[in-house]
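Here are some notes to read alongside the structure, with a few places picked out for a closer look. Please keep the view open as you go through them.

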Amino acid sequence: MKAFPILLSALLLAACGKSEAPAEPAQNAAEAAPKPAFKVKYIDNNAIAGLDLGQSSEGKTNDGKKQISYPINGLSEQNVIQLIGNHPNDLEVISGKCMETGDKGEPLGWTENGKCHALFAKLVGNIAEDGGKLTSYLLSHAALQPYQAGKSGYAAVQNGRYILELDSEGMFYFRRRHYWPSGCRP
């Protein structure tokens with residue numbers, strides 16, 4: 001019966017113990033995407049103003065739309081920005097691919113203030129009022145900053161007319177919501 005007083009003491013201590021505040025509701029693991037305030041009425045070459053790009057070349061998409069491609073200065077040839085659409089003052093999409101690489105060609109992601117980060121931040125600043133906030137959100141959710149090799153990521157922000165997308169491969173699109181670049185339609 002010596003265990004009875006110990007058990008009774010434990011029950012009394014539990015009953016008289018300090019009451020814990022109710023647990024906080026679990027935070028939503030997925031941060032809500034910010035609502036962009038795009039400042040462009042139409043997609044045109046003003047969106048790429050001030051970007052560090054090389055000499056343009058003109059071609060056509062697989063579905064026959066005009067495509068102007070710009071290499072990204074200081075990076076390998078697969079790093080490019082493309083303006084797609086038959087109407088220069090009302091393009092359908094600006095697409096891009098940018099990935100910094102190491103000495104052995106391995107992807108490094110978008111290092112803070114690196115070439116890809118600076119280029120994308122400038123593009124977003126050209127098209128949206130809240131460019132810094134949007135850039136930070138997209139980079140972190142697309143697994144580009146910090147870069148996580150082998151992890152896929154995707155992030156997008158949109159309003160009623162436009163969508164801005166970025167993925168872990170360094171592909172990005174600024175497009176009308178209902179336009180899919182050639183070969184990208186699900």
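**Notes for a first look**

1. Let us start with E165, which is found in strand β8. Helices (H or I, at least four residues) and strands (E, at least two) are DSSP runs, numbered from the N terminus. Please keep in mind that this is a predicted model: local features need pLDDT of at least 70, side-chain atom pairs count only at pLDDT 80 or more, and totals for chains, interfaces and linings use all residues. Residues are numbered from 1 along each chain as its sequence is written, and side-chain values use heavy atoms, leaving out hydrogens and water.

2. Is E165 buried or exposed? E165 counts as buried because its relative accessibility is 7%. Here buried means under 20% relative accessible area, exposed means over 50%, and partly exposed is in between (1.4 Å probe, protein chains only).

3. Which residues does E165 meet? Apart from neighbours within four places in sequence, E165 is in contact with Y154, A155, A156, M171, F172, Y173 and R175; contact means heavy atoms within 4.5 Å. With Y154 there is also a polar contact from side chain to side chain, at 2.6 Å. A polar contact is a pair of N or O atoms within 3.5 Å; within protein, one must be able to donate a hydrogen and the other to accept it, and residues adjacent in sequence count only if both atoms are side-chain atoms.

4. Now step back to the sheet. An open sheet is formed by 7 strands with antiparallel pairing, and the order is β1-β2-β3-β4-β9-β8-β7. At the edges are β1 (57–60) and β7 (154–158), each of which pairs on one side only. From one strand to the next, the twist averages 15°. Two strands pair if DSSP finds at least two bridges between them.

5. Strand β8 (residues 162–167) pairs with strand β9 (residues 171–176) in the antiparallel sense over 5 bridges. One place to see this is Y162, which stands opposite R176 in β9.

6. Y162 also has a ring partner. Y162 and F174 form a tilted aromatic pair, 5.1 Å centre to centre with 40° between the planes. Rings of Phe, Tyr and Trp (its six-membered ring) pair if their centres lie within 6.5 Å; planes under 30 degrees apart count as stacked, over 60 as edge-to-face and the rest as tilted. Because Y162 lies in strand β8 and F174 in strand β9, the pair ties together parts that are 12 residues apart in sequence. Y162 and F174 are both buried, and ring pairs link them with F38 into a cluster. The whole structure holds 6 aromatic pairs.

7. At the other edge, β1 pairs with strand β2 (residues 66–71) in the antiparallel sense over 4 bridges, and S57 stands opposite S69 in β2. The two strands form a hairpin with 5 residues between them, and G64 in the turn has a positive phi of about 85°.

8. Turn next to helix α2 (residues 115–127). Its 13 residues reach 19 Å from first C-alpha to last, close to the 18 Å expected at 1.5 Å a residue; the expected span is 1.5 Å times one less than the number of residues. Buried residues in α2 are C116, H117, L119, F120, L123, V124, N126 and I127. Their cover includes β3 (80–84), β5 (100–101), α3, β8 and β9.

9. Helix α3 (residues 131–141) lies across β7 and β8, running at about 150° to β7. Axes are lines fitted to C-alpha atoms, for helices over the stretch in contact, and angles run from 0 to 180 degrees between N-to-C directions. G131, L134, T135, Y137, L138 and L139 are the buried residues of α3, and what covers them includes α2, β7 and β8.

10. Finally, some backbone details deserve a check. Most residues other than glycine have a negative phi, and most peptide bonds are trans. A143, in the loop between α3 and β7, has a positive phi of about 65° and is buried at 2% relative accessible area. N113, in the loop between β6 (107–109) and α2, has a positive phi near 60° but is exposed at 64%. P146 is found in the loop between α3 and β7, and a cis peptide bond joins Q145 and P146, with omega about 0°.
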